[in-house]
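Student: Could you take me through one part of this structure in close detail? I would like to see how that part is put together and then how it fits into the rest of the chain.

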Amino acid sequence: MADLYNGVEAAQLATKWRRMISEGAAAVTPSAICKWRERGHLPVAGLDEHERPLYAHAGLARAERATRDRALRLVGIGTH
């Protein structure tokens with residue numbers, strides 16, 4: 001079974017990825033993870049023992065990339 005991450009773990013992992021790309025990148029918060037889910041960027045891959053959502057590594061990576069690319073476009077970086 002693939003590793004699954006709760007909201008806090010997902011936020012920490014997404015922050016790590018962002019900071020690998022840009023040292024000064026803002027942290028991804030657990031509330032951002034919830035927003036990604038609510039907006040359809042991040043699918044729920046399972047539930048923990050308290051019925052809280054868990055997220056798969058691949059889904060988290062796709063959501064982080066999509067939201068990072070959108071944020072960069074909004075500030076005019078990476079547009080052609």
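**The α1–α2 contact and its surroundings**

Tutor: Happy to. Let us start where two helices meet: from α1, the residues G7, V8, A10, A11, A14 and R18 make contact with P30, I33 and W36 of α2. The two helices pack with their axes 8 Å apart and at an angle of about 95 degrees. That angle makes α1 roughly perpendicular to α2. Please keep in mind that this is a predicted model. The mean pLDDT of the protein chain is 87, with 84% of its residues at 70 or more.

Now a closer look at R18, which belongs to helix α1, spanning residues 7-21. Is R18 buried or exposed? R18 has a relative accessible area of 17% and counts as buried, because the cut-off for that class is under 20%. Leaving aside residues up to four places away in sequence, the contacts of R18 are A25, V28, W36, E64, T67 and R68. W36 is one of the α2 residues that meet α1, while E64, T67 and R68 fall within the span of α3, residues 57-74.

T15 is another residue of α1, and T15 is buried too, with a relative accessible area of 10%. Beyond four places in sequence, T15 touches A27 and V28. V28 deserves a look of its own: with the same sequence neighbours left out, V28 touches A11, A14, T15, R18, I33 and W36. Both R18 and T15 therefore appear among the contacts of V28, as do I33 and W36.

This brings us to the nonpolar core. The largest one has 13 residues, and A10, V28, I33, W36, L42 and L60 have the most contacts inside it. Three elements give two or more residues to this core: α1, α2 (30-38) and α3 (57-74). The largest share, 5 residues, comes from α1. As general background, nonpolar side chains tend to be buried together in soluble globular proteins. Over the whole protein chain, 28% of the 80 residues count as buried.

Let us step back to the full fold. The protein chain has 3 helices and 3 strands, arranged along the sequence as β-α-α-β-β-α. The strands form an open, antiparallel sheet in the order β1-β3-β2. Why do β1 and β2 each have a side without a neighbour in the sheet? β1 (4-5) and β2 (46-47) are at the edges and each has a single partner strand, so one side of each is left without a neighbour there.

The pairings can be followed residue by residue. β1 is joined to β3, residues 53-56, by 2 bridges in the antiparallel sense, and L4 stands opposite A56 in β3. Likewise, 2 bridges pair β2 with β3, again antiparallel, and the bridge partner of G46 in β3 is L54. β2 and β3 form a hairpin with 5 residues between them, and E51 in its turn has a positive phi of about 65 degrees.

Two last points help in reading the model. Among contacts in the protein chain with a separation of 6 or more, 45% involve residues 24 or more positions apart. Confidence is highest in β3, at a mean of 98, and lowest in α3, at 82.

Terms used. Residues numbered from 1 in each chain as written. Heavy atoms only, no water. Helix = DSSP H or I, 4+ residues; strand = E, 2+ residues; numbered from the N terminus. Buried < 20%, exposed > 50% of the residue type's maximum accessible area, 1.4 Å probe, protein only. Contact = heavy atoms within 4.5 Å. Pairing = 2+ DSSP bridges. Core = buried A, V, L, I, M, F, W, Y, C linked by side-chain atoms within 4.5 Å. pLDDT = per-residue confidence, 0-100. Axes fitted to C-alpha atoms, helices over the stretch in contact; angles between N-to-C directions. Parallel < 35°, antiparallel > 145°, perpendicular 65-115°, else oblique.
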